[in-house]
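Here are some quick notes for when you open this one up. They stick to the empty space inside the protein and what surrounds it.

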Amino acid sequence: MPHLHVNKTNLHFRESGSGPTALFLAGFILDSTFWLDQIADLSDIRRCVSLDLRGFGLSDPITTDDLLDLDVYVEDVAAVARELGDGQPVDLVGFSLSSVVGGLVAERYPELVRSMSFLSPNLPADTPAYRLYRDEMAKLAVREGIDAVYRRFAEYIVASGASLQSLARYRQMMQDTRLDMVVATLRTCGRTPDRTDLPSRITVPTNFVTATGDTVFDRSVAQGYADKAPKGRVSEVSGAGRLTPLESPHELSAVLREFWTDL
């Protein structure tokens, strides 16, 4: 399995294809298998690289006293982009909190990024109620195990009628994540600052991908962010909730292909 040594840690990645590099960032509590369908679908036009973030998947484990430091993840991704981009900017694709990491990379290091695709990003500031909910989920994970968190999330994270295969892949990724990283992620998600102005500071082409069944990041929310971005646009995928790469994988691949073709 290929690894890169960056910032004093070893990060695992999967890759397929040739051409300009597309770097896929799995969400926290997920791993590089989240993007298997997109890697297969798009390897004819991109060198598709799916990264296990620090502490997740097959990347080196880490310890944390409390919260995850997103600035560390930003520097990790920037280092990977430098290493695997072969001197050229990369197309970044991120999901949930990892899309925020990707967006921060695009803001701070625009020379490393050709385009940025956001899937269901966590940009608004967390409310006290949301922080309490995440803390309760963290306690539930320790008390009853990761499956208890999966059951709670599965009530709303996918669209009605989601396939058993997509649910099985999601559950497996959660089960393969170390419990301490699940807890750290949940607590970090409940304490993120307001970043709703981030799109306005991203100068590269930016795609906000929504899904018809996503009740959190719906088309109106996505359009609001796209309107702030200097080069923003919205794409919509049908038949999915928040887990678009698993629920409507090939339609998502088609959306990314169209976006990259238009660059």
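1. Start with the largest cavity, which holds about 230 Å³ of space. Keep in mind as you look that this is a predicted model.

2. Who sits around that space? The largest cavity has a lining of 17 residues. If you want to find the middle quickly, pick out Phe28, Ser96, Arg134, Phe153 and Ile157, the lining residues nearest its centre.

3. Two helices are worth colouring here: H6 (164-175) and H7 (179-189) each put at least two residues into the lining of the largest cavity. H7 is the top contributor, with three.

4. As for chemistry, the lining of the largest cavity leans nonpolar: twelve of its residues fall in that class, against three polar and two charged.

5. How many cavities of 30 Å³ or more are there? The count is two. The second largest cavity has a volume of about 40 Å³.

6. For the second largest cavity, the lining can be listed in full: Leu119, Ser120, Val209, Thr210, Ala211, Asp214, Phe217, Gly241, Arg242 and Thr244. Strand S7, covering residues 206-211, gives the most to this lining, with three residues.

7. The class split around the second largest cavity is even between nonpolar and polar, at four each, and two charged residues complete the lining. Compare that with the largest cavity, where the nonpolar group has twelve members.

Methods. Residues numbered from 1 in each chain as written. Predicted model: local features only at pLDDT ≥ 70, side-chain atom pairs only at ≥ 80, totals over all residues. Heavy atoms only, no water. 1 Å grid on protein atoms, 1.4 Å probe; cavity = no way out; pocket = protein on both sides within 12 Å on 5 of 7 lines; lining within 4 Å. Points joined across faces, edges and corners; volume = space filled by probe spheres on them. Helix = DSSP H or I, 4+ residues; strand = E, 2+ residues; numbered from the N terminus. Nonpolar A, V, L, I, M, F, W, Y, C, P; charged D, E, K, R; others polar.
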